[in-house]
Structure formats: structure tokens, C-alpha cells
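Q: Please take a close look at one part of this structure, the metal site, and then follow the chain outward from it into the parts around it. A plain account will do.

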Amino acid sequence: MSALTLFRDATHWRTGERLTLAVEDGVVVPAPRHPGAHARIVDARGAVIAPGLVDVHVHLREPGQSAKETIETGTRAAAAGGFTSIACMPNTDPVVDTAAWVEWVRRRGEAAGHCEVLPIAAVTVGQRGEQLAPLDALARAGAVAFSDDGRPIVSAAVMRHALEYARPTGLPIICHEEDPALKGDGVMHEGFTATRLGLRGIPGAAESVMCRRDADLAELTGGRVHFAHLSYSASFDALRDAKARGLAVTGETCPHYWVLTDEAVADYDTHAKMNPPLRSEGDRDACIAAIADGTVDCFATDHAPHTSDEKSRPFSEAPFGIVGLETALALTLTHLVGPGHVSLERAIELWTDAPRRVFGLPEVTLKPGSQADLVLFDPDAAWTVDPERFHTKGRNTPFAGWRLRGRVLVTMREGRVTHVADGVAFERPVAEKAAR
Ligand SMILES: [Zn+2]
């Protein structure tokens, strides 16, 4: 039997009411009037309690790329960021395109124990975009979605067949939308900054034309399409239109697209190099508008760790991607909730209930009987991003030195504490203290 834990005087994320939330044996239980001597208590005054965050787009890099990240370090970073469930992308070495590898990832995640790991399996064998992977077997092994993320499915015919074969599994295909011919050898957003820096650009249409295509293929097949990491104004329009047409199309965006623009690349900073690239001010505004009007279905980090050596290469040669698990909540609170673009409740929903709905994951609430997957955070605490203190192996963030608001205090997965911030103490009940 696990110890009774009390979060005393926490603020409920949705109702705003003050409550004492109790957890025992992995589930939320009614708060007892007189906690026994074995209880541990967290003084949660001023802190918000919410279901654990869910990140549906993480690169854990295992198998095969453990210099960048491991399932151990990536899931530890997730816990530090307030996440209790994450879905990981199959573009590893080897690619996760067999039932055996899906199971391997799931087991490794369980063994690490820092959060739930939900494997996403490849759509095509080796993510080569040609022959379909055994989608039915992958679903039965526990895959929560299919994706060739890291690269697009170039052939519309392959995408059509993938949607047809995925349909009976009920799982979505997560699309990394990018027309490779339009992208060419571009390394950042096509625009004024790219011209000034003399770097090759990637037009926004490289993303949006593929969104349009896959919305049409969702209509043709009745399959489920989920757009990964949307960055461009016309892509948000494509998602909005698909919904208006009643199609089974959903989409996510990431904190860097509502916080930064391509100007962050200014001095050839490879920590601002990602794919899709940071775009214009107008695109950032379109991203925020699409979040505010409900077009965006959920948030994700696209956490993509790389080694410092890789990111130290010249801009054109450095790999795309930034880490995101340990800054996601604070960037949301500071740059979406702070300026009033969305309420705290809606922002948290986009990291919790919303991704659970899109991916058919079981509901997690704070009601008695619910699985105790939760996060306690101080929405006002300010801190400075120091990549050296990250739990991820990746140091590749454009937010180093940024002052942000919103700090994760405690993360709990199935009633086990998976992260405690420095300075947070678990106390014993007062009566027991006096008896000692
Ligand atoms: Zn991608």
C-alpha cells in the first residue's frame, strides 16, 4: 500500500476552487479529515493542480541514437516538465515499423518509470514512403498512431492506401506536412531574414499544399489525419476548412510557433533551426488566432534533442530541431495565458484533455477514483531557463537565458512522485510531528 499524499489548499485548474487533493494507492481519494501519521503533505497554497500533461510529439531517439537522448533521459525530462504521458516518434535507428519494436519501446518506457510512453509506429517500412508497414499488427502491439514524422509521405497514392489500411484500427496518421520539391535544400523560412542572411528559404506553401492534399485524402478514404507541428498561416486555414467540411482531420502546434519568428535565426543561431521553420510575424499571429478560435486541437512540443557537436555545425549543415519538454508549460503560461490569448483553463486543456480526446486515451480527472496522473505548478513563479540544468541530454533550445513564469512543483504518475522541484517539501501531519 502506498502512502497517502495530500496536496493541501491547491487551486483546481478548471473550477478555480481551493481544495485538498488526496492520493492513495495510485488513485485520487476523498480527502480524510484527520490524515494518519503515515501521510505526507504538500503545502500547495498558490499552486494549481491539474491532470498530468500529455505530449503527443516527442523524439526519444531510442533505439539507436542514444547520444542525442535515451528513453530514460527523455522521460525524466518529461516528468520535470509536468508530463505524465508522452507519445514518441518512430524515426529512430532502426525505425519502429514492427510490432517487436513497438513493444520494446513500450517496455523500455515502463522500465524507466518516469511517465507513460505511448509508441507511434511508422506508416511505411523504414519510413521510405513506399511499402506500408503492418499497421494492424502495430496497432495490436500498442501503437497509438502511425507516422513517418521527420519526413513527409510524398506519394498521394501511398498516403491514400495508408489511410484505408489504418481506418479499421481507428488510429490517426500523423502527417509531417512538407512538399520536398518546394522545400528543396531550404534551411529556414523563405522571407526577408533568409535573404538578409543569404540562407536558402523554405516557403510556407511547402507545408500548406500537403495539408490541403491530405484533407482531400481524408475525405476520399474516411481515414483520420492529424497534422503535426503546424507553423504556417495557410496551414491553419487548411485545418479550419477541413473541420468546416466535417472531415476527421485534427492538428497540433508547438510553443515555438506562438513565441518566436524567423528573426530568432538572426545570427545564424542553429538553436532556432527547426522543421517546419520559425516563420513570419503574420504566421505567428495566425497560429495564436487558430489556438484562440479552437482550430488547433492540441499542443505538442516536437521535443527533438541533438548533441552539441551536431548543433555547432554551420547553420546549413546543423540538424533541424529543438528540445521542448522542460519549457513547454512555462512558454504556454508566459506567452499565451499571460497576454490573454487564452485562459489558463483552456491552455491546460490543450495539454491534457484535448490530446487525450484526439488520440483516444482514457480520461484523467481529479475526481476520486481517477488515476492519479497529475501536476502541481506555480503559475506565477519566475525562473530563468538554464539548459545545463535540463534533464534531457539535449541543450538545443532557443530559450536559454529567457525569464519565464510558471514552474512545475510536483509531477505524479499513477500515484508515484516522478518529479519534485528544488525547495518543495513533503511534510508529516502536525499531530504526528508534536508526538515525536
Ligand atoms: Zn515532423
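A: The model is a predicted one, and the account starts at the zinc ion. Its protein donors are Asp 149 through OD, His 176 through ND1 and His 229 through NE2, at 2.0 to 2.2 Å from the metal. Along the chain these donors follow the spacing D-x26-H-x52-H. Asp 149 and His 176 are 27 residues apart and link distant parts of the chain. Asp 149 sits in the loop between β9 (146-147) and α4 (156-166), while His 176 sits in the loop between β10 (173-175) and α5 (180-183). His 229 is placed in the loop between β13 (225-227) and α8.

Are these donors buried or exposed? The cut-off for buried is a relative accessible area under 20%. Asp 149 has a relative accessibility of 2%, so it counts as buried. His 176 is at 5% and therefore counts as buried. His 229, at 2%, is buried as well. The backbone at His 229 also deserves a remark: its phi is positive, about 25 degrees, although the residue is not a glycine.

Two of the donor loops border helices that can be followed further. The loop with Asp 149 ends at α4, and the loop with His 229 ends at α8. Helix α7 (residues 205-221) packs on α8 (residues 233-244) and also on α4.

Take α4 and α7. Their axes are 10 Å apart and the packing angle is about 45 degrees. That angle makes α4 oblique to α7. The crossing of the two is right-handed. On the α4 side the contact is made by Ala 156, Met 159, Arg 160, Leu 163 and Glu 164. On the α7 side it is made by Arg 213, Asp 214, Leu 217, Ala 218, Leu 220 and Thr 221. Sorted by class, the residues of this contact are 6 nonpolar, 1 polar and 4 charged.

The packing of α7 against α8 has an angle of about 15 degrees, with the axes 8 Å apart. The two helices are therefore roughly parallel. Their crossing is right-handed. From α7 come Glu 207, Ser 208, Cys 211, Arg 212 and Ala 215, which meet Ala 234, Ser 235, Asp 237, Ala 238, Asp 241 and Ala 242 of α8. This contact has 5 nonpolar, 2 polar and 4 charged residues.

The spacing of such contact residues can be read against a general rule. An α-helix has 3.6 residues a turn, so residues three or four places apart point the same way. In α7, Ser 208, Cys 211, Arg 212 and Ala 215 are among the residues that meet α8, whereas Asp 214, Leu 217, Ala 218 and Thr 221 are among those that meet α4.

Helix α8 has a further partner in α10 (281-292). Here the angle is about 25 degrees and the axes are 8 Å apart. These two helices are therefore roughly parallel to each other. Ser 233, Phe 236 and Arg 240 in α8 meet Asp 283, Ala 286, Cys 287, Ala 289 and Ala 290 in α10. The contact divides into 5 nonpolar, 1 polar and 2 charged residues.

What leads into α10 is the loop that runs from α9 (255-259). Two backbone features are found in that loop. Tyr 268 lies there and has a positive phi, near 55 degrees, in a residue other than glycine. With a relative accessible area of 40%, Tyr 268 is partly exposed. Pro 276 lies in this loop too. The peptide bond from Asn 275 to Pro 276 is cis, with omega near 0 degrees.

The loop between α9 and α10 also bears on helix α6 (residues 192-197), which holds Thr 193. Apart from neighbours within four places in sequence, Thr 193 is in contact with Met 188, Asp 262 and Glu 263. Thr 193 has a relative accessible area of 4% and is buried.

Two remaining features can be added. The peptide bond from Glu 62 to Pro 63 is cis, with omega near 5 degrees, and Pro 63 is in the loop between β6 (53-58) and α1 (71-80). Helix α12 (residues 328-337) has 7 of its 10 residues buried, so it is largely enclosed by the rest of the structure. The buried residues are Ala 328, Leu 329, Ala 330, Leu 331, Thr 332, Leu 333 and Leu 336.

Notes:
Residues are numbered from 1 along each chain as its sequence is written. This is a predicted model: local features need pLDDT of at least 70, side-chain atom pairs count only at pLDDT 80 or more; totals for chains, interfaces and linings use all residues. Side-chain values use heavy atoms; hydrogens and water are left out. Axes are lines fitted to C-alpha atoms, for helices over the stretch in contact, and angles run from 0 to 180 degrees between N-to-C directions. Helices (H or I, at least four residues) and strands (E, at least two) are DSSP runs, numbered from the N terminus. Angles under 35 degrees count as roughly parallel, over 145 as roughly antiparallel, 65 to 115 as roughly perpendicular and the rest as oblique. A crossing is left-handed if the near helix is turned anticlockwise from the far one by less than a right angle, and right-handed if clockwise. Contact means heavy atoms within 4.5 Å. Ala, Val, Leu, Ile, Met, Phe, Trp, Tyr, Cys and Pro count as nonpolar, Asp, Glu, Lys and Arg as charged, and the others, Gly among them, as polar. Donors are N, O and S atoms within 2.8 Å of the metal (3.2 Å for Na, K and Ca); water is not among the atoms, so sites may look incomplete. Buried means under 20% relative accessible area, exposed over 50%, partly exposed in between (1.4 Å probe, protein chains only).
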